[in-house]
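Biologist: I should like to request a close look at a single part of this model, set in the context of the whole chain. Please take me through it in one connected account.

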Amino acid sequence: MEGALLYMVLLRIFSGSVDIAAAGLMYKFNDIEKALTINTMLALVGPTVMIITTGIGISGLGDRISLGKIILLFTGIALILISMRMK
């Protein structure tokens with residue numbers, strides 16, 4: 001297994017574990033205000049993991065992917081992040 005792929009898999013496992021732990025905390029606290037606070041913190045983890053994972057993947061493909069495709073990928077990521085901020 002390539003190093004970049006291994007790091008991508010580990011980051012996704014970490015991200016999923018954080019989500020499961022957050023769900024457990026929400027259940028344990030049984031309070032809507034605390035659940036909303038926990039959910040807000042998760043909103044920071046998801047996009048960060050997506051950006052880092054994509055960056056690792058692109059660096060792993062650096063010699064096999066054209067500059068145009070890299071620009072398109074990062075443009076797509078930027079549009080996803082912008083759309084998350086829109087109401």
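Which pattern does the chain follow when read along the sequence? With that settled, please examine helix α1 and the residues at either side of it, including M1, which is found in the segment before α1, and N30, in the loop between α1 and α2.

Modeller: The model is a predicted one. Read along the sequence, the chain follows the pattern α-α-α, and its secondary structure comes to three helices and zero strands. The overall form is best taken before the helix itself. The C-alpha atoms fill a box of roughly 50 × 35 × 10 Å along the principal axes. The radius of gyration is 16 Å, whereas a compact globule of 87 residues would have a value near 12 Å. Of the 87 residues, 21% count as buried. The accessible surface of the chain comes to about 6,600 Å², and carbon and sulfur atoms account for 71% of that area. Among contacts between residues at least 6 apart in sequence, 66% join residues at least 24 apart.

Helix α1 covers residues 3-29. Its length can be tested by a simple calculation: at 1.5 Å a residue, the 27 residues of the helix should span 39 Å, and because the end C-alpha atoms are 39 Å apart, the expectation and the model agree.

The next matter is which residues of the helix are covered. In α1, A4, L11, S15 and A22 are buried, where buried means under 20% relative accessible area. The buried residues of α1 pack against α2, which covers residues 32-60. A general point on helical geometry is useful here: an α-helix has 3.6 residues a turn, so residues three or four places apart point the same way. In this helix, L11 and S15 are both among the buried residues.

Viewed from α2, the contact can be followed through T53, a residue of that helix. T53 counts as buried, at 7% relative accessibility. Leaving aside its neighbours within four places in sequence, T53 is in contact with M8, L11 and R12. L11 is thus a buried residue of α1 and also a contact of T53. By contrast, the C-alpha atoms of T53 and I82 are 18 Å apart in space, with their positions 29 residues apart in sequence.

Further along α1 lies D19, which counts as partly exposed at 39% relative accessibility. D19 and G46 are 27 residues apart in sequence, and their C-alpha atoms are 9.1 Å apart in space.

The surface of this region includes a nonpolar patch. M1, L5, L6, Y7, V9, L10 and I13 form it, with about 730 Å² of accessible area together. M1 belongs to the segment before α1, and with a relative accessible area of 75% it is exposed.

The segment before α1 also takes part in a salt bridge. A search of the whole structure finds one such pair: R64 with E2, the closest N and O atoms being 3.6 Å apart. R64 lies in the loop between α2 and α3 (67-85) and E2 in the segment before α1, so the pair ties together parts that are 62 residues apart in sequence. R64 is exposed, with a relative accessible area of 54%, while E2 is partly exposed, at 44%. As a general matter, side chains of opposite charge can pair when their charged atoms come close.

At the other end, just after α1, N30 takes a positive phi of about 50°. The reason to remark on such a value is general: most residues other than glycine have a negative phi. N30 has its positive phi although it is not a glycine. This residue is found in the loop between α1 and α2, and with a relative accessible area of 70% N30 is exposed.

Terms used
Residues numbered from 1 in each chain as written. Predicted model: local features only at pLDDT ≥ 70, side-chain atom pairs only at ≥ 80, totals over all residues. Heavy atoms only, no water. Helix = DSSP H or I, 4+ residues; strand = E, 2+ residues; numbered from the N terminus. Expected span 1.5 Å × (residues − 1). Buried < 20%, exposed > 50% of the residue type's maximum accessible area, 1.4 Å probe, protein only. Contact = heavy atoms within 4.5 Å. Salt bridge = Lys/Arg side-chain N within 4 Å of Asp/Glu carboxyl O. Patch = residues over 30% accessible without salt bridge, like charges linked within 9 Å, V, L, I, M, F, W, Y side chains within 5 Å. Areas by Shrake-Rupley, 256 points an atom, 1.4 Å probe, with all protein chains shown as cover. Rg over C-alpha atoms; globule rule 2.2 N^0.38 Å.
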